[in-house]
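Trainee: Could you walk me through this structure and explain the terms as we go?
Mentor: Gladly; have a look first, and then ask away.

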Amino acid sequence: MPKVLISDKMDPKAAEIFRANGVEVDEKPGLTKDELKAILPDYDGLAIRSATKVTADVLAAAPNLKVIGRAGIGVDNVDIPAATARGVVVMNTPFGNSITTAEHAIALMFALARELPQADSSTQAGKWEKNRFMGVELTSKTLGLIGCGNIGSIVADRALGLRMKVIAYDPFLTPERALELGVEKVELDQLLARADFITLHTPLTDQTRNILSAANLAKTKKGVRIINCARGGLIDEAALKLGLEAGHIAGAALDVFVEEPAQDNPLFGTPGLVATPHLGASTTEAQVNVAIQVAEQMADFLVRGGVSNALNMPSLSAEEAPKLKPYMALAEQLGSLVGQLEGEAIRSVSIEVEGAAAELNQKPITGAVLAGLMKVYSDTVNMVNAPFLAKERGLDVREVRHAGEGDYHTLVRVTVETDAGARSVAGTLFGNAAPRLVDMFGIAIEAELAGDMIYIVNEDAPGFIGRLGSLLGEAAINIATFHLGRRAAGGEAVALVSVDGRIEPALARSLAAIPGVKRVTPLRF
Ligand SMILES: NC(=O)C1=CN([C@@H]2O[C@H](COP(=O)(O)OP(=O)(O)OC[C@H]3O[C@@H](n4cnc5c(N)ncnc54)[C@H](O)[C@@H]3O)[C@@H](O)[C@H]2O)C=CC1
Ligand SMILES: O=C(O)C(=O)COP(=O)(O)O
């Protein structure tokens, strides 16, 4: 039974869903990094929010981990390249908390406009400072969105409802989408110069880090108010403090900080600052949404092989997964066969699907071929990291789809190119379920690729099988099945022999010494 650790505070619905899907689950929020590393080897899945930092060393301590599920949107607390290299799928829930977070941005905009938190503390302290708090109206003010994706668009919609003018800087926002949203697409400098309020809604990446740098803050309009419900790190905190102190920036409302939990942030106490402890996603509705979604997605993956909202792997629906399962086994076997036979020499690989296979999602088939093929170089390769490892090795990967049926109702063909030329193997599914090799380097053969096998190329001449049988017999190795194929009588023949035992190098050398034998390669599936 797969086992999942929930390492951040999550709605109880998540654990309920895991259990209902036959997944064992432990809930241990608030572990230190060392405590987390100590228990991670027991788990197949890790469900997190933003508090757990899944760094490369945490991943190194999790040899059985297959999936990380983020109950929320931002995944900057996960080292995705390290997860990918270890073959761990990383998924998030891209929409579950977006309305809630947009509402928090709007709430913070009001808080800044009317100094609500300051007025509240003053009033409850018995000061009744009616003349101290003079706010600004939102109507007709310009709101500048940095990032206009899911959350930014919802903020835009709400702000338009408040009769604000909305401008957006987002290099990936199309003019059509801007028109549809009713926002004006602008460059960053224009936004900085024109906005009365600026709100940030981008992920934290190398491109967005410090997007509100000291230099960019200096380009803002005097009296600007800034809201950040996206990520600490998007604003230079020291420069923001100086801007607030100098009175150039009238207010800043931050839900997120460079370092979290933020307990002694230098910004605290600065005039005009409003702070919340990363509450953007903290509503009952959003937490139920993301808990349900993350648990469903992770259980789908661990139990049925479905992949949704993964950041390092193509999607695979739970309906597709069972149909693709036998194809993935076939694809991995074909990849493994060519990998074991051609290994390091492979420069490019082409994966063709034909007949029924051509109607399926080809990406997982390709991933499985590559995973099988690269098992010779890496013990940890799987469908998740195989495409990345292939890229790293400079392997040229092509996918071809043939709509019609050939000799088989369904076929997967893998062709590899080496300096010696192109070589191709192909397989089908018997009864839509059982993988069978049907073509090996142009020779028709019918074999199940399983367990220990020997690949032999020899001159098709009488006496070979007898000698082979006696050598294996002397080594106490039983022949389970024997598959033969040949180009023409008396020409080159190939044999794939399934044996009940490992072929040691000395035995492989004796087999290679049989007259007429050109090649002997022990294989393992
Ligand atoms: N405070 C909180 O509790 C929460 C914070 N968040 C944060 O909000 C962020 C945004 O979430 P969504 O809108 O759902 O993501 P999204 O992916 O839908 O939108 C992000 C937008 O940023 C844009 N973008 C990317 N690079 C940019 C750049 N260099 N300059 C300007 N725009 C750029 C993208 O084109 C995209 O449109 C998340 O990445 C997460 O970090 C999300 C949920 C809750
Ligand atoms: O979804 C996101 O990106 C968030 O920042 C929400 O964070 P949280 O799950 O509340 O720790």
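**A helix, two ligands and some backbone angles**

Mentor: Let us start with α5, which has 17 residues and reaches 25 Å from its first C-alpha to its last, close to the 24 Å expected at 1.5 Å a residue. This is a predicted model, in which local features need pLDDT of at least 70, side-chain atom pairs count only at pLDDT 80 or more, and totals for chains, interfaces and linings use all residues. Residues are numbered from 1 along each chain as its sequence is written, while chains are lettered from A and ligands numbered from 1 in the order in which they are written.

Trainee: What makes a run of residues a helix, and where does the expected span come from?
Mentor: Helices (H or I, at least four residues) and strands (E, at least two) are DSSP runs, numbered from the N terminus. The expected span is 1.5 Å times one less than the number of residues, so the 17 residues of α5 give the 24 Å.

Trainee: Which residues of α5 are buried?
Mentor: Among them are Ser-98, Thr-101, Ala-105, Leu-108 and Leu-112. Buried means that 20 or more other C-beta atoms lie within 10 Å of a residue's own; exposed means 12 or fewer, and partly exposed is in between, with C-beta atoms placed from the backbone.

Trainee: Why is Ser-140 called exposed?
Mentor: Ser-140 has 10 other C-beta atoms within 10 Å, so it counts as exposed. Ser-140 sits in the loop between α6 (116–124) and β6 (142–146), and has a positive phi of about 75° although it is not a glycine.

Trainee: And what makes Ala-476 exposed?
Mentor: Ala-476 has 8 C-beta neighbours inside 10 Å, so it counts as exposed too. Its phi is also positive, at about 60°.

Trainee: How do you know that ligand 1 lies between two domains?
Mentor: Domain 1 (3–94 + 285–304) and domain 2 (98–275) both give residues to the shell around ligand 1, so ligand 1 lies between them. Those bounds come from an automatic or database domain assignment. The shell holds 30 residues, each with its C-beta atom, placed from the backbone, within 6 Å of the ligand.

Trainee: What makes one residue around ligand 2 charged and seven polar?
Mentor: Asp, Glu, Lys and Arg count as charged, Ala, Val, Leu, Ile, Met, Phe, Trp, Tyr, Cys and Pro as nonpolar, and the others, Gly among them, as polar. Arg-49 is therefore the charged one, while Ile-73 and Ala-281 are the two nonpolar ones.
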